[in-house]
Amino acid sequence: MSDTTPTASEAAIEASPTALREALRETILFARLDDEQLDHIAAAGSVQWLRRGVVVFEEGAEPGEFYLVLSGRVAIAQESDDGRESLLAVLGPGELFGEMGFLDGYNRSAQARALEESQVLMVPYAELRLLYENNPSALWSAVALLARRLRAMDRALSDTVFLDVMGRTAKRLLEMAGDDDEFEMPLTQEELASMVGASRERVNKAIHAFVKLGWMTHDQRHYKITNRRNLEIRAR
Ligand code: CMP
């Protein structure tokens with residue numbers, strides 16, 4: 001990994017041990033651990049700042065650690081043989097990535113890169129090994145994590161069958177917005193299109209249509225949803 005040196009102001013807001021423990025507790029993987037176990041994991045980890053575009057690891061790389069997103073957003077992406085990209089997920093605070101290499105022993109299944117300035121906690125696999133050796137029942141949470149991801153992928157697969165490009169675009173825009181009607185889009189148009197699973201032109205056309213219908217406005221990356229209900233209906 002490169003370009004992770006924090007500036008003075010970034011270093012000043014580096015997470016405290018207590019904040020790291022609580023951030024770990026919020027995750028599906030570690031929710032059931034006690035304070036001592038969480039503190040061990042937090043102490044074994046290191047906080048890293050990533051600037052926009054920094055690649056945490058490449059698809060196919062040898063794995064050795066997993067990550068927790070503390071702030072910002074991280075994209076999980078795969079590349080086809082001819083260089084096209086498919087964006088599998090955009091992960092935000094509280095979400096983990098890089099654990100699959102630990103669970104199945106294979107190389108990285110996808111690339112991870114920061115979509116905006118992000119802060120992650122990097123924890124070596126050795127710490128997970130120790131945890132599960134001393135505490136085999138903690139592995140149930142790993143099963144739950146994988147099942148949750150499988151559900152999300154099932155839904156995404158169904159969307160490509162049941163929804164048209166406009167529907168999928170509406171759905172992704174709503175996901176990016178979360179509960180807020182105004183938001184900064186962390187993805188480039190190309191990235192958004194690769195997440196929708198359509199060409200940039202078709203996704204742009206869908207966005208233009210939503211603007212024309214009065215459901216949203218946008219200025220560069222600043223989006224404002226003005227008719228959430230209709231956008232939600234279109235995303236079904
Ligand atoms: P790993 O294979 O070690 O490295 C790439 C990581 O991307 C992988 O672990 C998972 O943590 C994450 N990942 C892979 N596929 C998905 C997905 N469909 N949704 C969310 N995260 C994923």
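This passage walks through the domains, nonpolar cores, helix packing and a few individual residues of a predicted model.

Start with the overall layout. The protein chain splits into two parts, domain 1 (8–145) and domain 2 (161–234). Their C-alpha centres sit 28 Å apart. Where the two touch, domain 1 puts in ten residues and domain 2 puts in eight.

The largest nonpolar core has 29 residues. Within this core, the residues with the most contacts are Leu 173, Met 185, Leu 187, Leu 192, Val 203 and Phe 210. Several elements feed into the core, with at least two residues each from the strands β4 (74–79), β5 (85–91) and β11 (222–225) and from the helices α7 (165–177), α8 (189–196) and α9 (200–212). Helix α7 provides the largest share, at six residues. The core also takes in residues of both domains, with at least three from domain 1 (8–145) and at least three from domain 2 (161–234). As for Leu 173, once its neighbours within four places in sequence are set aside, its contacts are Phe 183, Met 185, Leu 192, Ile 207, Phe 210, Met 216 and Tyr 223. A second core, separate from that one, is made of 23 residues, and Ala 42, Tyr 125, Leu 131 and Ala 138 are among them. As general background, nonpolar side chains in soluble globular proteins tend to be buried together.

Next comes α2, which spans residues 17–25 and has Leu 20, Arg 21, Ala 23 and Leu 24 buried. These four are on the same side of α2, because the arc they cover around the axis is only 165°. What do the buried residues of α2 pack against? Their partners are the helix α3 (35–44) and the strands β1 (46–50), β3 (65–71) and β8 (118–124). For the helix pair, the axes of α2 and α3 are 9 Å apart and the packing angle is about 110°. Angles of 65 to 115 degrees count as roughly perpendicular, so α2 is roughly perpendicular to α3. On the α2 side, the contact involves Leu 20, Arg 21, Leu 24 and Arg 25. On the α3 side, Asp 35, Leu 38, Asp 39, Ile 41 and Ala 42 take part. Ala 42 thus turns up in this helix contact and also in the second core.

A second helix pair, α8 and α9, shows up among the elements that supply the largest core. The axes of α8 and α9 cross at roughly 95° and come within 9 Å, which means that α8 is roughly perpendicular to α9. The residues that meet are Gln 189, Glu 190, Leu 192, Ala 193 and Val 196 from α8, and Arg 200, Val 203, Asn 204 and Ile 207 from α9. Among these, Leu 192 and Val 203 are also on the list of residues with the most contacts inside the largest core.

Ala 193 of helix α8 deserves a look of its own. Its relative accessibility is 2%, so Ala 193 counts as buried. Leaving out neighbours within four places in sequence, Ala 193 touches Ala 198, Ser 199, Arg 200 and Val 203. Ala 193 and Thr 169 are 24 residues apart in sequence, with a C-alpha to C-alpha separation of 8.2 Å.

Asp 159 belongs to helix α6 (residues 139–162). Is Asp 159 buried or exposed? Its relative accessible area is 10%, so Asp 159 is buried. Beyond its neighbours within four places in sequence, Asp 159 is in contact with Arg 168 and Lys 171.

Two loop residues round things off. Ala 61 sits in the loop between β2 (55–57) and β3 and, at 26% relative accessibility, is partly exposed. With neighbours within four places in sequence left aside, Ala 61 contacts Asn 107 and Arg 108. Ala 61 and Glu 184 are 123 residues apart in sequence, and their C-alpha atoms are 31 Å apart in space. Gln 220, in the loop between β10 (216–219) and β11, is exposed, with a relative accessible area of 67%. Gln 220 also has a positive phi of about 55°, although it is not a glycine.

How values were computed: Residues numbered from 1 in each chain as written. Predicted model: local features only at pLDDT ≥ 70, side-chain atom pairs only at ≥ 80, totals over all residues. Heavy atoms only, no water. Core = buried A, V, L, I, M, F, W, Y, C linked by side-chain atoms within 4.5 Å. Buried < 20%, exposed > 50% of the residue type's maximum accessible area, 1.4 Å probe, protein only. Domains from an automatic or database assignment. Contact = heavy atoms within 4.5 Å. Arc of directions from axis to C-beta. Axes fitted to C-alpha atoms, helices over the stretch in contact; angles between N-to-C directions. Parallel < 35°, antiparallel > 145°, perpendicular 65-115°, else oblique.
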